[in-house]
Amino acid sequence: MHSKSNMNRRDFLKVGGMSTAAVALSSTGFFSFRESKALASPSKVKGTGGGYGPLVKDPGGILDLPKGFQYRIISEEGGTLEDGRPIPEKFDGMAAFPGQNNSTILVRNHELSGNTKYPVIGRNPYQREHTGGTTALVIDANRKVQKEYVSSSGTIRNCAGGATPWGTWLTCEETLEEGHGYVFEVDPADPENNLSKTPIRDMGAFSHEATAIDPATGIVYLTEDGGPSYLYRFIPSDRSQRAGALQKGGTLQAAAIEEMSLDNTSEFYTGQRFGIVWKNVDPEKPTLEAGQKGCIPFSRLEGAYFEGGVFWFDDTSAGNKNLGRVYRYIPATNTLELFYESTASNDLEMPDNICITPWGDLWIAEDGDGVDRIIGMTPEGETYLFAENKLNGSELAGPTFSTQGDTFFVNIQSPGLTFAIWGPFAKKNAGRRRQMGHAAPPQQYAPQVSDNLSTFAELQGMSDLEAAAFERHGMPIL
């Protein structure tokens, strides 16, 4: 993730049209959208269906949401941690974990390096001179912060990462600086322990972005934010899925496309057949080896999410217009599909963080120029607009839901703000979450393929989405 703004607090107040007093109030109170005074604006997403209706203008000028939803700013950069230090800036990736007494614990990245006004200062850092790290927030059932504290420190550019099935957070360094570019494991229940300052070296030294774990196998999938970017997976030596197990080592691999031999030849199976293979790479120089071994060079990989047997990830600046793509990889069938591809006719720009909602929709946070939004896609092939960030030039980051499914948390990176959002969300639906992993994309976002390619894919037992993924990456499958 790349910050697009150095907006300071004074600039923020001007943009939001708010006084200092109003910002202070927003940290403890909440803005509710009053229907009598709010101005509804129609969705900008073409083909919108389903969802929660048009957005309502936020009187505070920060975050537009649909009618019936409200937000509370629960954390703001420069505020006060429980030890009296200021809340660090540059909010980024985030995940929610269950806490005691129906509370939620958020673990939040801070994408910091070098000198900064509000650094992460911890008691047990990886390297004391560096300013990045993570904080944690304990939020009660009323969506109010009870505690806010440093959970890891001494790292660089903690951009994204991912939650583990066993209740910890993998925070990733997006840097190539010597001695950095690693993944660290953070336990929200045991902040700043020795695990949080010990790099998981076998998961590679590269410009990390996000992680997602297959709970059935314990395999960790990782994205790289570089140029070129590669898609990796880490096969742990210890599959016990508990805190510290990833430190016991494993094998790092990068994804490649290779021609596959056909076991049965017939007049129907002609031409070349390609498939995904995983190639071992040296964790100390994975990007170099991935390139040398002919692995898939993506443009700039960002968000990652695993749900219902499917690994979702996106390439934020891919495509002819550099507007982005969303992929899904299905480990059980070793299938890579191009689910969504932005074109000039789409109104979806530069996908970044992604998540599957508790009821089964895919939510995409944009990171393009100007106004960024949360876009929803349904298993039924519809799209809708859920949120719009009115602070131009500052990205949305870290979308995540409480384990109860009734609160959506998201950050604005700069100036750092964390929001709790609630309203008439749909109920949890595990079956629909699995359905999303195998649904066709909304028609207007699906990758366009030729009739010849579609026919070939059908003959080979492939989907159009799989054929499109291969074709976009240079495979001469026709």
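Begin by selecting residues 451-459, helix α5, together with residues 464-472, helix α6: in this predicted model, the axes of the two helices come within 9 Å and cross at roughly 115 degrees. Viewed along the line joining the two axes, the crossing of α5 and α6 is right-handed.

Next, display the side chains at this crossing. On the α5 side, select L453, S454 and A457; these residues meet D464, A467 and E471 of α6. Classified by residue type, the contact of α5 with α6 comprises three nonpolar residues, one polar residue and two charged residues.

Keep α6 selected and turn to its buried positions. Which residues of α6 are buried? They are L465, E466, A467, A468, A469 and F470. A467 thus appears twice on this tour, as a buried residue of α6 and as a participant in the contact with α5.

To see what surrounds these positions, add the strands β16 (250-259), β17 (274-280), β20 (325-330) and β21 (335-341) to the selection. The buried residues of α6 pack against these four strands and against α5.

Proceed then to G474, which follows α6. The phi of G474 is positive, near 85 degrees.

Finally, clear the selection and show the entire protein, which contains six helices and 28 strands. Of its 478 residues, 60% are buried. Colouring contacts by sequence separation offers a further view: among those between residues at least 6 apart in sequence, 58% join residues at least 24 apart. With the surface displayed, the accessible area comes to about 18500 Å², and carbon and sulfur atoms account for 47% of that area.

Technical notes. Residues are numbered from 1 along each chain as its sequence is written. This is a predicted model: local features need pLDDT of at least 70, side-chain atom pairs count only at pLDDT 80 or more; totals for chains, interfaces and linings use all residues. Side-chain values use heavy atoms; hydrogens and water are left out. Axes are lines fitted to C-alpha atoms, for helices over the stretch in contact, and angles run from 0 to 180 degrees between N-to-C directions. A crossing is left-handed if the near helix is turned anticlockwise from the far one by less than a right angle, and right-handed if clockwise. Contact means heavy atoms within 4.5 Å. Ala, Val, Leu, Ile, Met, Phe, Trp, Tyr, Cys and Pro count as nonpolar, Asp, Glu, Lys and Arg as charged, and the others, Gly among them, as polar. Buried means under 20% relative accessible area, exposed over 50%, partly exposed in between (1.4 Å probe, protein chains only). Accessible areas come from the Shrake-Rupley method with a 1.4 Å probe; for residues, only the protein chains shown count as cover.
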